[in-house]
Every structure is written in structure tokens, then in C-alpha cells.
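Grab a pencil and work through these exercises with the model open beside you. Try each task before you read its solution.

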Amino acid sequence: MLKMSTLPPRLYQMVRSKMAASVLKRCVTAAVKVKGLAHSSTARRRLLSAAYTDTKLWDEREKEPQNLAVLANLMDRTYDRNLPVSSLTISRFVDNISCREEVDQAEYYLYKFRHSPNCWYLRDWTIHTWIRQCLKYGARDKALHTLKNKIQYGIFPDDFTFNLLLDSYIKDEDFKSACSVVEEVMLQEAFDLPSTQILSLNALGCFLATRPQLSVSEERTMGASLLICGLKQDNTVGLSAQLLGNALLGKVEILKGIHAVFKGMPLSWVRGYLGRALAVMERVYAASGDIKLSKDTLDCVSHMLQELSSTSDADSSGEESDGEENGKEEGVDDDDEAEKANLPHYVSRFRELSSQLESQGKVDPTSFQVLVTMLGQQNLASAEEPDVEQYQSRLKAWEAEKRQLIQREKDLREKAEQERQERLAAKAAEQQA
């Protein structure tokens, strides 16, 4: 082995420099790995546990093995005769999906069933199975498509099913699609479970952290989701979400009028969403305890108000693009214009409240994204247990209901067969007579 002391001085220095660089590189690499692990750990903790997403209970349920080709032929012939397909038939088809191609076929028959006389009888367990099968066979896009087009497919999931789909998107860091799921939760006003609230706020916070460029329509959807979900959490995260949600809706109200805000949304039609955003700030300022508002949320609202003020100044200076007849947005009435005139007051009041919150230590420097991640770390595990217990009870109820339907189907078939035999016997008797 070559000794360092035997090397010429210049070569000795070069070797020492390379060794030091190598050691430094290893240290930096190790530090990066540690940092990456910490980030990964945080990301994992905002997700549902393996026990929550485990398919064991679902896989152990009673099954009816079916040939999908036979079922498809049966449904096609039934529809051709303008007769209704039973909810059990479509349930069996979805339950026996075994590959990606069959997911596409099931989508078609879900659509057909939705547009049939029996459309009201699509079972909750069929919807749950559909989402699970889409996740299992890499067809998550189909799950989201049928969810967003729920009127055409009849897909109205329960809380637990929503959570599974949400978790899947968050886990893959597809926060935009996760927010699309949150939008559907919001439209169904299904933020009852704490786990759904935490996952939804997580998706919204992570998506907003990417600083997306949103259209007015997307701002409305984002605002409604933040507001309605935030109302379920009486803490820094919930109040920050309410502030930003009201501000986004207020921006839409100033630009497009109140009808553009609440149409098709579970929202109040009373004007003054920016005023409600300020009311959230006043509430936090007056509250005792450790409730605060996140700084980046306040910064975002400040930027929105500056944007709206610039737009308002440009309008008042007489800058018109297409003449006098196009000077007013479609759907904007005099009351909307009166609300728009309140903007300078809102801006002034916001600055005043921001200063008061800052002086009282009511502004949290932690980002909204980190706050929602911390909320998940602290509360998601405890929120899962009652969900799983409720899911187990729901499975038993579904199985009991399914057995009743199967028995009813059997009885009806036996009765129909008996009536057919009686008709044949009567016809034979007539011929003999």
C-alpha cells in the first residue's frame, strides 16, 4: 500500500485535496438524503394509512362470479326490448371487472343504466366498487371522469370512497386532479368527516403552493372549496382557508357580479364576500388563544385587492374596449356596481386589520401548505379509526341488502316461471278441449 509520506510534496497536496473533496461530497450527499427522508416522511404522514386503504375487507365480501360477455349480452337484449336492467345486473358487471379493458365496458353500461328507468337504483356499493376497480386497474382517469360527469353516470360516492380517490391523487402528487375531487366533495357538501376535511385542505394547500394561473371560473371553484371546507375547522388552517376562500369569491363578485358566484354552487347569494373575508380577520383579531392567520394567505389576499384596485382604476379612467354598450359585464346589475364601489373601503380596512394582526402576533409565518401538512400529521390518524369502523358496518349493511335483493330476484323468477307453466298448462288444456 502506498504511504502518503513517500509522495512528493506537490502530489501529496493534490491527493489530500481530492480526499477532502471526496469526504465533503459524501457528507453533502448524506445531508441531502436526510433532508429528502424528512420531506418524504412529511408527505407520507399527510396520507391515509395502509389500514385505511387496505382492500382485505372488500376482497373478503361475498361474490357472485359472472361471465361479463353473458351479462353484457343480457343487458343489450334487455335494452333493445325497452325493458329496465336491474341494479343487481349492473352491480355484478362492475364487481367482476378483471382488467383495464373491462373498465371501459363498465363505463358504457353505467351510462346506459343512468339513462334507463331504473337509474335511481344504482346501489351505493356499486359506486364504491366502481371507484375501487378504477384504482385497482390503473383507470383513475375514468373514476374522475364519471365523477365530474355524475349526472350522466350517477356516480355520487360516499365519504369513505371520496377519501380513497383523494388519497390516491395526493400520494402521486397530482394535486390538480385531487382538487377536482375536492370540487365534487364541495358540490355534494360532503365535508362531514374530519378525514375528508384534512385530505381536502391538504390537496388545496399543495396545489396553491404551485402558484397556478387560475381562470375566474377556477378561482370561484377554489374559493368555494376553501370556504366550505374551512368552515369545518375552527383553527388557524380553517380560518386561513375561510379568508382566502371568501377573498377569491369576492374577486369573482367584483369582476362578474354576485350571480356568477353562487350559480350552481352551494353558496350564499348575499353580496359582500370581500366583507366576509375582512370579518374573518376581525374574528381572529378578537379571538383569544393561539388562533392566527397564515402570512402567505394574507399576502395572497393583499395581492388580489391590489389587482382589483388596478382594474377598477383602469375602468374609472374611461378605458373602454368595445364601446359604451359593452361597458358593463353581462349579468352585473346596479347592486353589483354598488358593491364594487366598496372596494376602496375594503382595501383600507384590510391594511388596517393586517397591521393590527401583525402587532398582536396573530400572523403565522408558516406557509398554508405546511400548516395543512401539520394538521394531517396531528389529526389524521385519530380521524381514521371511526371511518374504518363505519366502513365495516356499511359493508355488512350492503351485504345484507344485497342478499335481500338476490332473494327477491330469485322469488320473482320462480314466480314468473310458475306463471309461465300455468299459462302453458291452460293453453294445452284449451287445445285438448
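Helices here are DSSP runs of at least four residues, numbered from the N terminus. Keep in mind that this is a predicted model.

**Exercise 1. Find out which helix supplies the largest share of the lining of the largest pocket.**

Step 1: Start with the pocket itself, which has a volume of about 690 Å³. Its lining counts 21 residues, and the closest to the centre are Leu 208, Arg 211, Pro 212, Leu 244 and Cys 300.

Step 2: List the helices that each supply at least two lining residues: H12 (194-209), H14 (236-256), H17 (295-316) and H20 (368-432).

Step 3: Pick the winner. H17 gives seven residues, the largest share of the lining.

Step 4: Sort the lining by class, and you get nine nonpolar, six polar and six charged residues.

**Exercise 2. Work out whether Thr 146 is buried or exposed, then describe its surroundings.**

Step 1: Place the residue. Thr 146 sits in helix H8, which covers residues 140-148.

Step 2: Check the accessibility. Buried means under 20% relative accessible area. Thr 146 has 0%, so it counts as buried.

Step 3: Follow the side chain of Thr 146, which reaches the backbone oxygen of Ala 143 at 3.0 Å.

Step 4: Look further along the chain. Leaving out residues up to four places away in sequence, Thr 146 touches Glu 107, Trp 130, Tyr 153 and Ile 155.

**Exercise 3. Work out how far apart Leu 293 and Asp 364 are, in sequence and in space.**

Step 1: Find Leu 293 in strand E1, residues 293-294.

Step 2: Compare the two distances. Leu 293 and Asp 364 are 71 residues apart in sequence, while their C-alpha atoms are 5.8 Å apart in space.

Step 3: Check for contact. Asp 364 is among the residues that Leu 293 touches, and so are Lys 362, Val 363, Leu 239 and Met 281.

Step 4: Finish with the accessibility of Leu 293: at 0%, this residue counts as buried.

**Exercise 4. Say how many disulfides the structure holds, and classify Cys 99 and Cys 119 as buried or partly exposed.**

Step 1: Recall the cut-off: a disulfide needs two cysteine sulfur atoms within 2.5 Å. The structure holds zero of these pairs.

Step 2: Take Cys 99. Its relative accessible area is 27%, so it is partly exposed.

Step 3: Now Cys 119. Its relative accessible area is 14%, so this one is buried.

Conventions:
Residues are numbered from 1 along each chain as its sequence is written. This is a predicted model: local features need pLDDT of at least 70, side-chain atom pairs count only at pLDDT 80 or more; totals for chains, interfaces and linings use all residues. Side-chain values use heavy atoms; hydrogens and water are left out. Buried means under 20% relative accessible area, exposed over 50%, partly exposed in between (1.4 Å probe, protein chains only). On a 1 Å grid over the protein atoms alone, a cavity is a set of points where a 1.4 Å probe fits but cannot get out, and a pocket is an open set with protein on both sides within 12 Å along at least five of seven lines; lining residues have an atom within 4 Å of a point. Grid points are joined across faces, edges and corners, and a volume is the space filled by probe spheres set on the points. Ala, Val, Leu, Ile, Met, Phe, Trp, Tyr, Cys and Pro count as nonpolar, Asp, Glu, Lys and Arg as charged, and the others, Gly among them, as polar. A polar contact is a pair of N or O atoms within 3.5 Å; within protein, one must be able to donate a hydrogen and the other to accept it, and residues adjacent in sequence count only if both atoms are side-chain atoms. Contact means heavy atoms within 4.5 Å.
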